[in-house]
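Here is a short, relaxed tour of one structure. Keep the viewer open while you read, and follow along residue by residue.

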Amino acid sequence: MAFWIASSPHNHQQSETSALMRLVIYATIPGILAQWYFFGWGNLIHIALAVTTAIVAEFTVLSLRDKKITSQLFDGSAILTAVLLGISLPALAPWWITIIGSIFAIAVVKQLYGGLGHNPFNPAMAAYVMLLISFPVQMTQWQPPLSLLAMDIQFNDTLAVIFSGYTPQGYSVEQIRTHIDGYTMATPLDTVKTNLTLGLTVAESMNSPVIGKHFGLGWEWINAGFLLGGLFLLFKKAIHWTTPFSFLISLFVCSFIAFIISPDSSTSTMFNWFTGATMLGAFFILTDPVSGATSVKGRLVFGALAGLLVYLIRNFGGYPDAIAFAVLLCNMAAPLIDQYTRPRTYGHDLGAKK
Amino acid sequence: MESVIERIKKGNFSHFHGGIHPPEQKFLTSTKPIASAQIPEQLIIPLRQHIGQAGKLIISVGDKVLKGQALTTIDTPMSLPVHAPTSGTITDIKLMPIPHPSGLSEACVILTPDGDDTWQPRKICPDYKLLSKENILDKIANAGIAGMGGAGFPTKVKVSTLSKIEYLIINAAECEPYITADDLLIQEHSPTILDGIKIIDHLLSPTNILIGIEDNKPKAIDALMKATADIDHLQVCVIPTKYPSGGEKQLIQILTGQEVPSGVLPSSLGIIMQNIGTCFAIADAVINDTPLIKRVVTISGQALEKPQNIWALIGTPVGFLTKHCGYQNNEKQHLIMGGPMMGFSLPTDQIPVIKSTNCILAPSEIEIASPFSSTSSKEVECIRCGQCADVCPAQLLPQELQWSAKAKDQAQLAKLNLFDCIECGACAYVCPSQIPLVHYYRVAKAEIRQQKLLDIKAEKAKVRFEARKLRLEREKIARAEKHKKAAEARKARMNSGTAAAKSEKSAVADALARVKAKKAQANKAIASSDNNKENPATEQVDSGKSQVANAIARAKSKKLAQQEQAQLDAIDTQQDNESPSSLATKQIEPVVIDKKAKVAAAIAKAKAKKRQKETTANNTDSNSESERNDSATTQSTSNKADHETIDTAVTESVNAPESANKTLDKKAKVAAAIAKAKAKKRQKETTANNTDSDTDTNSESNSESESNDSATIQSTSNKAEHETIDTAVTESVNAPESANKALDKKAKIAAAIAKAKSKAKSKAKAKSAIKSESDASLQNVETSTTKIEPSQEPMKNAEIEHETSDVQSKVNNNTADIDRKAKIAAAIAKAKAKKLANNTQKSSSESSKQKLQQPEHSEIVEAKAKNLEAENKKARVAAAVAKAKAKKLAASANKSTHSE
């Protein structure tokens, strides 16, 4: 007759890290669907490629580190990283971009720092930044929405472009990106930025076909998809509301102030919210618990800082989008933020409360 | 600002941070009535069931006890008694596993019930208001009531607080899942509970009484509402269900909005909290005179057929209760005492129910698959999701605590307020990484406590060490001070010129002499090598022989030293032996001075050592003579006489006999002078006899046994032949006769000296002989205070003469026959000793007269005459000693022969 000894509490809500990760992956589906709808198969191919690479890389490093492979390989964290990286990459980027990025994210950013729970930086964003700096050409070949393309790109066309650089018909990425009218198209953020340097006002830029009716053809829907996924996560309590909330508010406030001051050279608040990777960053990147702040107050500061950085980099920096840079900078600041935002323990510093 | 009561009346409550909503599972037992107590076969009653110390045991094994009878009494403020839950026999008092997470054993009383359940006489008190407060407090204390919510804090301490109480909070929250003990107790016994509340009210007179109860117990709320409707200042506060609202601090925050500062008791805020079960126990104790011997325990869990609440006797083994409820799980038992959140696993089902046990949980495996068991840990890395911090009611940062706990960073743990953790388990409950956070905290807490203990120990040790160092330092200083004072005093005394001062001076002089003697010995070695050069022919042989002789001398001196102590009393009479030895040396006329010198040095060394030991004893005797001693020593020292001489002189002076007079002073000086002279002579190859005799005479006076040795040794070394040794022995024995024969002047003188020493008649002859020598001898004689000499004179001359001649002839003829001679010598010695003894008595009067006639020695002789009788005895002893020595010498002579 054996007695079962366990430490209290004996009850557990039966939540698991892997379940949490799975939930987050599911929450990306609306955004990915929107991406697929507007930009074709490119990102799906990249996601698949990234996930495969990530699993292989994770398996290799785990076996080198003598870790429990089965439990840790499928805890979902590597897959989530790969998915996020795949989403972030330009749809027509060459295959090796994904491979390199994925390996870097898993092997270097995550495992070399001690694996899950110990990485100071968000692996997907660190890999993205690494790729952007190392391979600027490939990393800026953004594909315009399908509706703006001169040709019709199918799955096999995309696959061929990603793996060989050319469609079966022999078109290069540059040719694909070329508008019917004969100019190369960029992302809405890029367009606005370029136009501003050309002396055009933001209002004039908004007439660009890339931007479409609202804040960017396709991009607005992708962001809406990620917002939907994020709300789902909030509803499931998989993420805490604080970080996305403070990030979005911060971005809103910054752009609003700028817009009030200089409406001609500043984009609208909603343009900032619904272009680029804003929603992805708000709900899927910044909420990464490992590299973020932990306390409520800390998360508010963390989010606000990220919002400010995103706005600054978008408007004054050299790169059109800024989520990745902002996230990495905030990751660096997170321990410091945590240090100074410790909650007051019950029964301590009662004087300060009153 | 609305008051707390107004707010509560409106149903607005404060909130505590965090909290969780685990499945309640209270339906399992909440609808069933409390089953009545069953008496198990055996009750295990731990002596300590509360926070504090165990009471003093007042029963012993074999005692019959009645139900409610106290087993222990209060002997410290934090102790509580335990009582017999039923009547029966105390069958054992031993260590048993107690209900504690550690599973440790503590002293328990084992009670075997007799089944009669006979109550001890009780005094029902229908109106507690007739009792004084002290009386009520006594009753509460003697009933052994401790907090029944889980912690087990002694209730008497809580209710006897002196602070002004604003809120009395009755905790009926029962926030842990599964547990319905309080719920059922309220449902069934609200009147009694109300009595208990009234008693506490009476004791503490709080401004408000608040009953905190979670909204998941509608029946209990109804019952309470009804029971308390007529009390104005009592509020039943129905609070939202959230774990852990039943925690003291949490409930206080919910009801009053106040936070209890860390490390402070709520009473300092004017708040007292009592568990509702405790109220029932208080009423029972005060009104019904019933000690705390039973309580409601929820037996729940899906592994039970009939989960229910039971009135369990304190001490009932858990297994008895689960069996009663139909426990089915036989393979992998998981019994939890307490709720699923804060309870602990039981290592066995023989753990007893105690005062604070509110629940026994017997879950099925699916029901509570604890992620934190020893066998199925699914712990993964923390991903810093922060959910733990969100639910922590103490607003701690569990994930940071966890890291610090893993890293054993105690400073950081303290900074993160680890000790404010109430171990509610909310963090671990929500942790997606399934980290047993509470377990980490418990371990860390234990480690910190341990470390604190060690620190205290180390601190104490340090203080002890410092104190010791200080003390040693103080003592050192004190000692130095003392020495300084003593030195000053001594100096003063020495300068004062009293006798005592002189003795002290002499001691100093002795020490000086000894040091010099050692130096001189070192020099002597050089001198001997010089001597060897002078005598190239004998050099090699001599050196070899001398070494042997030295060895022999040393060995002998040691032996003799041993004997000497025993013979100290009889020392005087031994002179007989000594003086002959000196004679013998004279007769032998050794060829090699070297040897003698060396031997003498060795002897002197040995003697010096011995005498040092004796000195103290002798000093006391010869205080008066110290003057003379000093002079002798100083003289000899200043004269740089032979080292041996110095030594002997020193020793002499030290051992100078009582008879020392002023005249002796002079004599001593003379003797010293002689010694000096002789030493010089000796160095100049004067006969060793002189030196020997000198040394002998000197040494004799000190300790005759020693001088005996030295004499013998000298003789031995002189001839370095066995025969010589023998003859020496025999001679020494026959010394008086040989002296009579007057071989030559020196011999005579020596003999005279020897005789004098050996109480032979030699004094007269010595006088006539070289004056200095005789002086010395006289001196020695005096010192030795032997008065046998005169008496012996005629006797020996007459009777012993032929014996001596025989012996001598034998010595001459049969030099090789050592053994024989030795024997003979021994025999002679014996005989002579006898004779001497006999003669002494006869001629004692005569001798005294003779002495008186001798003007020089008159004083001495007088002194001697006084001691005559005592000396007779001594003479006999000496004879015996002489015999023994003779034998030994013979033996050693043999040995030396062989070695050579």
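## Helix packing around α7(A)

In chain A, α7(A) passes α18(A) in a left-handed crossing. On the α7(A) side, the contact is made by A:M125, A:A126, A:Y128, A:V129 and A:L132, and α18(A) brings A:A324, A:F325, A:V327 and A:L328. By class, that contact has nine nonpolar residues, with no polar and no charged ones. Bear in mind that all of this comes from a predicted model.

Now for the geometry. Two packed helices are described by the angle between their axes and the distance between those axes. Helix α7 of chain A covers residues 123-134 and helix α18 of chain A covers residues 323-340; they pack at an angle of about 125°, with axes 9 Å apart. That angle makes α7(A) oblique to α18(A).

α7(A) also packs against helix α6 of chain A (residues 95-111), where the axes come within 8 Å and cross at roughly 130°. So α6(A) and α7(A) are oblique to each other as well. Which hand does the crossing of α6(A) past α7(A) have? It is right-handed, whereas α7(A) passes α18(A) in a left-handed one.

Who meets whom here? From α6(A) come A:I97, A:I100, A:G101, A:F104, A:A105, A:V109 and A:K110, and they meet A:P123, A:A124, A:A126, A:A127, A:M130 and A:L131 of α7(A). By class, this contact has eleven nonpolar residues, one polar and one charged. A:A126 is worth clicking on: it is listed in the contact with α6(A) and again in the contact with α18(A).

## A buried threonine

Staying in chain A, look at A:T17, which is found in helix α1 (residues 17-27). Is A:T17 buried or exposed? With a relative accessible area of 3%, A:T17 is buried. Leaving out residues up to four places away in sequence, A:T17 touches A:D75 and A:L116 in chain A, plus B:V380, B:I383, B:P432 and B:S433 in chain B.

## Over to chain B

Chain B has 31 helices and 18 strands. Of its 900 residues, 59% are buried. Take the contacts in chain B between residues at least 6 apart in sequence: 77% of them join residues at least 24 apart.

For a residue at the exposed end of the scale, try B:P218 in helix α6 of chain B (residues 218-228). B:P218 counts as exposed because its relative accessibility is 53%, and the cut-off is over 50%. B:P218 and B:V238 are 20 residues apart in sequence, and their C-alpha atoms are 9.3 Å apart in space.

## Cysteines without a bond

How many disulfides does the structure hold over all chains? Zero. Two cysteines of chain B show why, given that a disulfide needs the sulfur atoms within 2.5 Å.

| Cysteine | Closest cysteine sulfur | Sulfur distance |
|---|---|---|
| B:C385 | B:C388 | 5.8 Å |
| B:C431 | B:C385 | 6.2 Å |

The sulfur of B:C385 is too far from that of B:C388 for a bond, and the sulfur of B:C431 is likewise too far from that of B:C385. Both cysteines sit below the 20% cut-off for burial: B:C385 is buried with a relative accessible area of 16%, and B:C431 counts as buried at 8%.

Technical notes: Residues are numbered from 1 along each chain as its sequence is written. Chains are lettered from A and ligands numbered from 1 in the order in which they are written. This is a predicted model: local features need pLDDT of at least 70, side-chain atom pairs count only at pLDDT 80 or more; totals for chains, interfaces and linings use all residues. Side-chain values use heavy atoms; hydrogens and water are left out. Axes are lines fitted to C-alpha atoms, for helices over the stretch in contact, and angles run from 0 to 180 degrees between N-to-C directions. Helices (H or I, at least four residues) and strands (E, at least two) are DSSP runs, numbered from the N terminus. Angles under 35 degrees count as roughly parallel, over 145 as roughly antiparallel, 65 to 115 as roughly perpendicular and the rest as oblique. A crossing is left-handed if the near helix is turned anticlockwise from the far one by less than a right angle, and right-handed if clockwise. Contact means heavy atoms within 4.5 Å. Ala, Val, Leu, Ile, Met, Phe, Trp, Tyr, Cys and Pro count as nonpolar, Asp, Glu, Lys and Arg as charged, and the others, Gly among them, as polar. Buried means under 20% relative accessible area, exposed over 50%, partly exposed in between (1.4 Å probe, protein chains only).
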